[in-house]
Amino acid sequence: MSTATRRMTVAQAVVEYLSKQYTVDRIGTEDYRERLIPGTFGIFGHGNVAGVGQALKQYQQLDPAIMPYYQGRNEQAQVHQAVGYARHTRRRQTFAISTSIGPGSSNLLTGAALATTNRLPVLLLPSDTFATRAADPVLQQLEQPYAYDITVNDAFRPLSKFFDRVSRPEQLFSAFHHGLRVLTDPAETGAVTISLPQDVQAEAFDVPEEFLAEREWRIRRPEADDEDIRRAAEAIRAAKRPLIIAGGGVLYAYANEELATFAELTGIPVGNTQAGVGVLPWDHKFSLGAIGSTGTTAANAIAAEADLIIGIGTRYEDFTTASRTAFQNPDVKFININVAAIDAYKHGTYLPIVADARKALVKLNQALGGYRVGADLAAAIAAEKKRWDATVDEAFDTRFTPLPAQNEIIGATSRAMDAADVVICAAGSLPGDLHKMWRVRDPFGYHVEYAYSCMGYEIPGGLGVKRAALAEAARGGEQRDVVVMVGDGSYLMMHTELVTAVAERIKLIVVLIQNHGYASIGSLSESLGSQRFGTQYRALNEEQHSFDEGETLPVDLALNAESLGVKVIRIEPGEKVIAELEQAIRDAKAAPERGGPILIHVESDPLLDAPSSESWWDVPVSQVSDLDSTQQAFKTYTGHKNRQRKLLG
């Protein structure tokens with residue numbers, strides 16, 4: 001063992017260490033080696049400018065490839081960029097993010113929660129107040145009289161999968177070793193937060209050369225236990241109406257081809273979660289599409305009668321289970337295959353299988369030789385799929401004027417995009433409509449952040465996906481355009497990363513749907529008897545102190561984007577809206593790859609709904625009310641609640 005050391009600051013050691021970390025992932029017989037942290041985002045303040053900022057500048061002058069630095073306009077948005085990148089690279093890569101203390105750090109909190117909820121890796125390096133307390137209190141320091149060691153960064157503890165604070169330089173080694181252990185663990189990954197006090201960042205110490213050497217982190221993909229596979233095969237053979245629910249874990253395990261083989265060998269149909277869109281092409285014979293509250297009528301009809309649910313890589317969000325009303329067969333059982341035990345054991349499953357999705361499917365395909373579902377289920381699959389496809393065709397092809405329905409806009413966007421292109425969304429009515437209607441043709445073609453459904457994720461998350469797509473193309477992979485679909489509500493939350501795209505001349509295509517309010521919550525509010533309260537962008541009626549009936553606000557979001565340096569295409573209301581929108585997207589796709597972002601502005605009618613999923617989502621209704629609308633909504637709600645099940649199967 002070498003005893004050689006180098007005199008460095010803590011920040012310099014962190015930057016060089018991160019530049020030498022690699023993931024190694026074996027899929028089948030092939031190994032894939034990727035740089036774990038290909039770059040660092042940072043917004044600098046007094047907490048990190050002389051620490052991590054100095055280190056990044058020093059290495060940039062030495063060799064810019066050691067640790068590329070990326071700007072951003074908002075700390076939360078920088079996390080979203082890292083998450084989008086991590087999702088597209090299937091959790092093999094992510095970014096580090098350095099912030100100053102106080103608000104710079106706390107701006108990361110929403111992003112941390114989003115990353116952890118989505119089980120997507122991101123490395124957060126928020127600065128902290130002086131470890132020595134030599135200057136106390138410092139600017140932006142939080143003081144609590146009952147616990148003086150608490151700082152703003154303690155708020156990261158419940159939001160992170162790993163948290164540590166490096167109060168002494170010597171703690172650096174264990175903090176980062178264990179932090180990256182969690183970051184690269186498929187079952188445990190999420191936000192990894194390592195707090196760096198501002199004085200410690202600049203402190204010098206002797207760093208062992210071993211710490212700065214290249215290190216590989218092999219992504220663990222556990223095998224399924226043979227006895228579990230035997231029992232699962234036995235249960236599948238005994239089932240009359242089995243159904244697969246495929247989640248994001250199928251994609252992260254690169255198991256989509258094995259899943260297709262499984263469905264084709266057995267005839268078992270597949271419904272997918274939001275994170276699982278892309279596990280099969282939309283027109284695959286056994287793909288029923290989305291399942292649950294935002295699902296297709298095809299998937300939900302088969303789910304209602306299913307006697308065996310085979311969950312693969314899903315966390316069973318309430319949208320997936322239609323708030324536990326989707327599965328109405330009194331004898332329904334669950335087999336859950338998941339790399340994370342917490343998900344494998346959900347709903348009191350009949351058989352939890354804690355394993356990599358691909359490896360489990362390989363074994364199941366071998367164990368189920370000769371098995372196939374009955375002709376009655378096969379006929380039901382074909383009939384329900386045909387019915388839903390016709391429903392979507394009608395929704396896409398019906399023309400409303402002068403303002404189109406969101407359905408038409410989705411259809412036009414889908415037709416204008418190539419198979420390998422990626423659609424991005426996160427919040428509002430769009431995710432539900434996309435989930436049930438988007439006709440995905442590529443495993444990487446759909447990215448809707450719906451575990452946290454964070455307003456404002458769309459543009460920075462899309463920018464992160466585009467960064468990953470550019471890196472993919474540079475290695476000889478697919479050429480992909482990235483199209484962000486976003487409503488005006490989410491756009492106003494966090495559009496500033498458009499400036500980042502302008503600065504780096506990144507072609508991000510944004511379809512901005514202007515409907516002057518919160519369409520999704522407006523519709524939900526109406527269904528719950530609250531009459532779309534507070535969901536429209538209107539001028540204040542001072543007499544009633546209401547924003548519901550006033551004049552539409554004179555806000556021009558297209559002009560706003562133009563002022564940021566974005567190329568804007570306006571689609572005017574009228575009979576030719578959809579044709580012009582399709583052409584605008586094609587024109588944007590034909591623009592130079594390094595020409596900067598392009599925003600397409602189109603208005604829609606928020607009162608024109610998407611086709612019904614014939615499903616439900618549990619949002620409580622006031623049990624007592626003076627409003628007739630609320631009283632009627634509560635009666636409807638009670639009827640749905642009576643169908644809710646504990647699902648211990």
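A residue is taken here as buried when its relative accessible area is under 20%. In the predicted model described below, this criterion picks out Asn256, Glu258, Leu259, Ala260, Phe262, Ala263 and Thr266 as the buried residues of helix α10. These buried residues of α10 pack against elements of both kinds, namely the helices α8 (226–238), α9 and α13 (357–367) and the strands β12 (242–246), β13 (270–272) and β15 (308–312). Just after α10, Gly267 takes a positive phi of about 80 degrees.

Helix α10, which spans residues 256–266, also takes part in the lining of the second largest pocket, to which it supplies at least two residues, as do β3 (30–35), α3 (75–88) and α17 (458–474). The space in the second largest pocket amounts to about 580 Å³, and of the 23 residues that line this pocket, Tyr32, Arg90, Arg92, Tyr254 and Phe444 are the closest to its centre. When the lining of the second largest pocket is divided by class, 9 residues are nonpolar, 6 are polar and 8 are charged.

Arg92, one of the residues closest to the centre of the second largest pocket, is placed in the loop between α3 and β6 (96–99). The side chain class of this residue does not prevent its enclosure in the model: Arg92 has a relative accessible area of 7% and is therefore buried. With neighbours within four places in sequence left aside, the contacts of Arg92 are Thr23, Asp25, Ile27, Tyr32, Glu34, Arg35, Leu36, Ile219 and Tyr254. Two of these contacts, Tyr32 and Tyr254, are themselves listed among the residues closest to the centre of the second largest pocket.

Strand β6, which follows the loop that holds Arg92, belongs to an open sheet of 6 strands, arranged in the order β5-β4-β6-β7-β9-β8 with parallel pairing. The edges of this sheet are formed by β5 (69–70) and β8 (162–165), each of which pairs on one side only. Within the sheet, strand β4 (residues 40–42) pairs with β6 in the parallel sense over 3 bridges, and Phe41 stands opposite Ile97 in β6.

A further set of parallel pairings involves β21 (residues 509–514), in which 6 of the 6 residues are buried, so that this strand is largely enclosed by the rest of the structure. Burial extends to both faces of β21, with Ile509, Val511 and Ile513 on one side and Val510, Leu512 and Gln514 on the other. Strand β20 (residues 482–487) pairs with β21 in the parallel sense over 5 bridges, and Val484 stands opposite Val510 in β21. Strand β23 (residues 598–603) likewise runs parallel to β21, to which it is joined by 6 bridges, and here Ile509 stands opposite Ile598 in β23.

The largest nonpolar core comprises 94 residues, of which Ile236 and Met485 touch the most other members. Not counting residues up to four places away in sequence, Met485 touches Ile409, Ile410, Thr413, Val423, Ile424, Cys425, Leu430, Leu434, Trp438, Glu458, Val511 and Ile513. Among these, Val511 and Ile513 lie on one side of β21. Another core, of 36 residues, lies apart from the largest one and includes Val166, Ala175, Leu183 and Leu196.

Enclosed space was also examined, and 8 cavities of 30 Å³ or more were counted. The largest cavity holds about 550 Å³ of space and is lined by 37 residues, with Gly248, Gly249, Tyr252, Ala275 and Gly313 nearest its centre. At least two residues of this lining come from each of α9 (248–252), β16 (333–338) and β19 (446–448), and α9 gives the most, with 3 residues. The lining of the largest cavity divides into 15 nonpolar, 13 polar and 9 charged residues.

The second largest cavity holds about 220 Å³ of space, and its lining consists of 22 residues, of which Trp282, Gly289, Thr296, Lys436 and Trp438 lie nearest its centre. Two or more residues of this lining are given by each of β14 (287–290), α14 (375–397) and α16 (430–437). By class, the lining of the second largest cavity has 13 nonpolar, 5 polar and 4 charged residues. Trp438, which lies near the centre of this cavity by that ranking, is also one of the residues touched by Met485.

Definitions and conventions
Residues numbered from 1 in each chain as written. Predicted model: local features only at pLDDT ≥ 70, side-chain atom pairs only at ≥ 80, totals over all residues. Heavy atoms only, no water. 1 Å grid on protein atoms, 1.4 Å probe; cavity = no way out; pocket = protein on both sides within 12 Å on 5 of 7 lines; lining within 4 Å. Points joined across faces, edges and corners; volume = space filled by probe spheres on them. Helix = DSSP H or I, 4+ residues; strand = E, 2+ residues; numbered from the N terminus. Nonpolar A, V, L, I, M, F, W, Y, C, P; charged D, E, K, R; others polar. Buried < 20%, exposed > 50% of the residue type's maximum accessible area, 1.4 Å probe, protein only. Contact = heavy atoms within 4.5 Å. Pairing = 2+ DSSP bridges. Core = buried A, V, L, I, M, F, W, Y, C linked by side-chain atoms within 4.5 Å.
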